[in-house]
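The exercises below ask you to read a protein model step by step, with a worked solution after each task. Please keep the sequence and the structure in view while you work.

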Amino acid sequence: MSNIVKRHVGFGMLYSLLLLAGLAALYLLDFPIDDWKSIWTMHESNMPFLIAAPLFVLFSGAILGLFSGLYWRRRWHQAARELESIREGQQPLKKRSFSLSELQHTWTELERLQAYMNEQAKLAQKLTNERVIDREEEVQRIVSEERNRLARELHDSVSQELFAASMLISALTESEEENTPMFTALKQLEVMVQQSQLEMRALLLHLRPAALKGKTLQEGMDLLLEDLRAKVPLSIEWELDTFPVEKGIEDQLFRIVQESVSNTLRHAKAESLSIKLLQRDSFIILLVADDGIGFEIGTEQPGAYGLQNMKERAAEIGAHLRVVSVPKQGTRLEVRVPMLDREEEKT
């Protein structure tokens, strides 16, 4: 039995005893008893009246307190569930009416709180959209210039030196006789340099901005995951629903995907990775799951900084981010973004 029910049962029994004592005192004041011994001899159902009366009122008070406690426990649990739904995703409260004005007032305040939180989430999304639109061109220009600079420096220095080393090793290999230790060593070195050249060419080709660059969220995720699948020894599966997403939300979700995939590659030691982008009712849902080593929630982990970044990005768009991880069984990340404009259109 929960504490609220126990308290109501206790209050009911105490109230009934006090009421019995008060009524008995008033009765004795109006109708004084000459022979007090007669009270001790009075019986009710083969039980002394002085014992039967308190037991009856205690039982009645306990029953009244039990029903009262169960009623209030149900109401408070209901309010707690609604508060939890607001905290996780601003689910709209169901319209309810109560006979007690105090409870109705509390529910009205909950509705106002939910409306206020929705307005704050909408404002956060709007500000994020405006900031992204305002700074996108400048950020893209700076990032593009920096990546191009790095690409030029790598091409002019490391790439050219690798090419020169390859030519020199080829010349040395031709001057050596076959099937000698030196020839074998030079051949191995030539293969290593050629492989390094291939890696450098791939790096130069992929030195491009990591943002969406005019693509939709789904297109950007598809390109990112296709590129990743070709480079890493990891089984990657994804499912992307097609639906429009606002620019600011697109940007933050894409970066959360990048951060979560990066954490998986660096820390999870996983063999498979699953990513889903879904639209359910008035929510955008991003799911990222791996079968890696997992970790204990609440303990400091190597990827804790990345997880904090993801939480901050989710908060910027009014989303709720939840991470579930079990050691040696993997990690699951879920981001739920309320699509508040869609909710208004429905109403």
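**Exercise 1: two loop residues**

H7 is followed by Lys 269, whose phi is positive, near 55°. The model is a predicted one, in which local features need pLDDT of at least 70 and side-chain atom pairs count only at pLDDT 80 or more, while totals for chains, interfaces and linings use all residues. Residues are numbered from 1 along each chain as its sequence is written, and side-chain values use heavy atoms, with hydrogens and water left out.

Task: Place Lys 269 and Lys 328 in the chain, and decide whether each is buried or exposed.

Solution. Begin with the elements: helices (H or I, at least four residues) and strands (E, at least two) are DSSP runs, numbered from the N terminus. Lys 269 is found in the loop between H7 and E2, whereas Lys 328 lies in the loop between E4 and E5. That second loop belongs to a hairpin with three residues between its strands, and Lys 328 takes a positive phi near 70° there. Most residues other than glycine have a negative phi. Lys 269 has its positive phi although it is not a glycine, and Lys 328 likewise is not a glycine.

For accessibility, buried means under 20% relative accessible area, exposed over 50%, and partly exposed in between (1.4 Å probe, protein chains only). Lys 269, at 69%, therefore counts as exposed, and Lys 328, at 77%, counts as exposed.

**Exercise 2: the sheet**

Task: Work out the order of the five strands in the open sheet, and find which strands stand at the edges.

Solution. Two strands pair if DSSP finds at least two bridges between them. Following the pairs gives the order E1-E2-E3-E5-E4, with mixed pairing. Strand E1 (235–240) and strand E4 (320–326) stand at the edges, each with a single partner strand, so one side of each is left without a neighbour in the sheet. On average, neighbouring strands of this sheet are turned by 10° against each other, direction ignored; for such angles, axes are lines fitted to C-alpha atoms, for helices over the stretch in contact, and angles run from 0 to 180 degrees between N-to-C directions.

Next, follow strand E5 (residues 330–338), which runs antiparallel to E4 and is joined to that strand by seven bridges. Val 326 has Gly 330 as its bridge partner in E5, and Leu 321 has Val 335. E3 and E5 also pair in the antiparallel sense, over eight bridges, and Leu 287 has Glu 334 as its bridge partner in E5. Seven of the nine residues of E5 are buried, so this strand is largely enclosed by the rest of the structure.

**Exercise 3: helix H7 and the core**

Task: Check the length of H7 against its expected span, then find which element gives the largest share of the largest nonpolar core.

Solution. The expected span of a helix is 1.5 Å times one less than its number of residues. The 22 residues of H7 should therefore span 32 Å, and the end C-alpha atoms are 30 Å apart, which agrees. Helix H7 (residues 247–268) packs on the sheet, touching strand E2 (272–280), strand E3 (283–290) and E5, and its direction makes about 10° with that of E3; contact means heavy atoms within 4.5 Å.

A nonpolar core is a set of buried Ala, Val, Leu, Ile, Met, Phe, Trp, Tyr and Cys residues joined through side-chain atoms within 4.5 Å. The largest one has 35 residues, of which Leu 253, Ile 275, Ile 284, Leu 286 and Val 335 touch the most other members. Elements that give two or more residues to this core include helix H6 (217–231), E1 and helix H8 (304–316). H7 supplies the largest share, seven residues. Among the contacts of Ile 275, not counting residues up to four places away in sequence, are Met 221, Trp 238, Val 257 and Leu 286.

**Exercise 4: a contact of H8**

Task: Find which residues Arg 313 touches, not counting residues up to four places away in sequence.

Solution. Arg 313 lies in helix H8 and, at 26% relative accessibility, counts as partly exposed. Under that sequence limit, Arg 313 touches Gln 252, Arg 255 and Ile 256. Arg 313 and Gln 252 are 61 residues apart in sequence, yet their C-alpha atoms are 5.9 Å apart in space.
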